[in-house]
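Please walk through the charged pairs, ring contacts and helix packing of the model shown here. The account goes from side chains to helices and back to a single residue.

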Amino acid sequence: MPPLLLRGARLPGGDVRDVLLDPDSGLVARVAPAGLLPSVSDELDLTGYLLMTAGAEPHAHLDKALTWDRVGAPAGDLLAAVEAWRAHTLRVTEEDVFRRAAKTVDDLCANGVTAVRSHVDLLTAGGDPLRGLRALLRLRKRLRGRVRLQIAVLHVDAPEELLHEALDLGADLLGDCPHLSADPAASLERTLRIAAEHHVGVDLHADETLDPDAGDLRLLARSVRERGLAAGVTASHCVSLGMVEPDEAMRTAKEVAAAGIAVVALPLTNLYLQGRGHPSGTPRGLTALRALLDAGVQVAAGGDNIRDPFNPVGRADPLETASLLVTAGHLSPDEALHAVTAGARAVLGLPAAGPYEGAVADLLAVRADSVSEVLGASCPDRLVFAGGRLVSRTSVHRELF
């Protein structure tokens, strides 16, 4: 494919640059002050756009997405949502999962996402327990060249042979929910052992509770250090860490950093599910973001559930997630944007991307002048590039009378 030249784009630091993309290598070939690069046959004028690293979604549930209206789940806490989803799985088919997941990925891509990690349940109630996984494996093949899809098998005390079968079938990671297990420590140890046997990473639903005595994250950090796991390990949610005293949060954060564990914050779903038992002085339901960052933990943020029993809202938009990190998590706009772009890519184990020479040409252009406008104004006009190719364009026409 011929090179693609992006003219007059503003970078997050404020400089206006021309950026030359090489679709053959998938990299950014040149970056120069506006007007200095020679013309090529394929050019786009990005005057008025902010050009940044494309978003990555480090924690989705594509198999559950867009089922809120079908399930009719009443507003409730985590356990109520779990029960509502389990009851609905009797009606879930492989084709149903495929259609809803494909629609959700299209929405994610249009909003600027070029890489997704999705958890998928083992549907042990009725039919093939791997039907959700089979749907996402089919979708992963269809998405090549547009969106990278990583698949994590999510289970609670599932039969061991089923976990081996799921990983042999092609899942990328093994997940777990120790806090929902009959024996959290034993469940975690089994998950780490099986993941090591298959040489895959682990992404844990950890401490998804406001109980300050929850211990998934500390147990995970100790277990990972003892085992010396080579594959990446991620802990998602980690809500209880936000409920402990600052000194304790920092001690745990340092343990997590020493173990090389990444943490994914999930503000949209956790703000919805957590705190319903605290009608006064309701906790924010977020992990201790500042302690984790100060300890050197790789922190990312994701949208988690999108209009399903665990969360009736959500726009499949990483910039919505970043905005919540500013409002509820008290991060700066730059820190919040990093958590859903470069930080999220790092958690997914992907090479660095952005409008910089030699970086992967996964880019997002938003019609805006600054990072604060990008996060604050929900700017709809966007262009998305994956591997140096334009894969999505959204333009909004507004009329005021």
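**Charges, rings and a helix pair**

Arg 276 sits over the face of Tyr 272, and its distance from the ring centre is 4.5 Å. The model is a predicted one. A second arginine is placed in a like manner: Arg 138 lies over the face of Phe 98, at 4.2 Å from the ring centre. As for rings paired with rings, the structure holds 0 aromatic pairs. The centres of two such rings would have to lie within 6.5 Å to count.

Next come the charged side chains that face each other. The count of salt bridges is 24, with a side-chain nitrogen of Lys or Arg required within 4 Å of a carboxyl oxygen of Asp or Glu. One of them joins Asp 128 and Arg 134, with 2.6 Å from N to O. Asp 128 counts as partly exposed because its relative accessibility is 30%, and the limits of that class are 20% and 50%. Arg 134 is partly exposed too, with a relative accessible area of 28%.

Another salt bridge connects the side chains of Arg 140 and Asp 172, at 2.8 Å from N to O. This pair links distant parts of the chain: Arg 140 belongs to helix H4 (residues 131-142), while Asp 172 is in the loop between helix H5 (160-169) and strand S9 (173-176), 32 residues apart. Asp 172 is partly exposed, at 29% relative accessibility.

What is the N to O distance in the salt bridge between Arg 382 and Asp 317? The distance is 2.9 Å. Arg 382 lies in strand S15 (residues 382-386) and Asp 317 in the loop between strand S13 (299-301) and helix H11 (318-327), so the salt bridge ties together parts that are 65 residues apart in sequence. Are these two partners buried or exposed? Arg 382 is buried, because its relative accessible area is 2%, and Asp 317 is buried as well, with 8%. Salt bridges can also share partners, and in this way Arg 7, Asp 18 and Glu 43 are joined into one network.

The loop that holds Asp 172 comes after H5, and that helix can be followed further. H5 is followed by Gly 170, which has a positive phi near 135°. Within H5, the buried residues are Leu 162, Leu 163, His 164, Ala 166 and Leu 167. These buried residues pack against H4, strand S8 (148-154), S9 and H6.

The packing of H5 with H6 can be described by its geometry. The axes of H5 and helix H6 (residues 184-198) come within 11 Å and cross at roughly 35°. This crossing is right-handed. Which residues meet between the two helices? From H5 they are Glu 160, Leu 163, His 164, Leu 167 and Asp 168, and from H6 they are Arg 190, Arg 193, Ile 194, Glu 197 and His 198. Leu 163, His 164 and Leu 167 on the H5 side are also among the buried residues of that helix.

Finally, return to Asp 317, in the loop between S13 and H11. Its neighbours within four places in sequence aside, Asp 317 is in contact with Asn 111 and Arg 382. Arg 382 is its salt-bridge partner. Asp 317 is classed as buried because a relative accessible area of 8% is under the limit of 20%.

Methods
Residues are numbered from 1 along each chain as its sequence is written. This is a predicted model: local features need pLDDT of at least 70, side-chain atom pairs count only at pLDDT 80 or more; totals for chains, interfaces and linings use all residues. Side-chain values use heavy atoms; hydrogens and water are left out. Buried means under 20% relative accessible area, exposed over 50%, partly exposed in between (1.4 Å probe, protein chains only). Helices (H or I, at least four residues) and strands (E, at least two) are DSSP runs, numbered from the N terminus. Rings of Phe, Tyr and Trp (its six-membered ring) pair if their centres lie within 6.5 Å; planes under 30 degrees apart count as stacked, over 60 as edge-to-face and the rest as tilted. A charge sits over a ring if NZ of Lys or CZ of Arg is within 6 Å of the ring centre and within 35 degrees of the ring normal. Axes are lines fitted to C-alpha atoms, for helices over the stretch in contact, and angles run from 0 to 180 degrees between N-to-C directions. A crossing is left-handed if the near helix is turned anticlockwise from the far one by less than a right angle, and right-handed if clockwise. Contact means heavy atoms within 4.5 Å.
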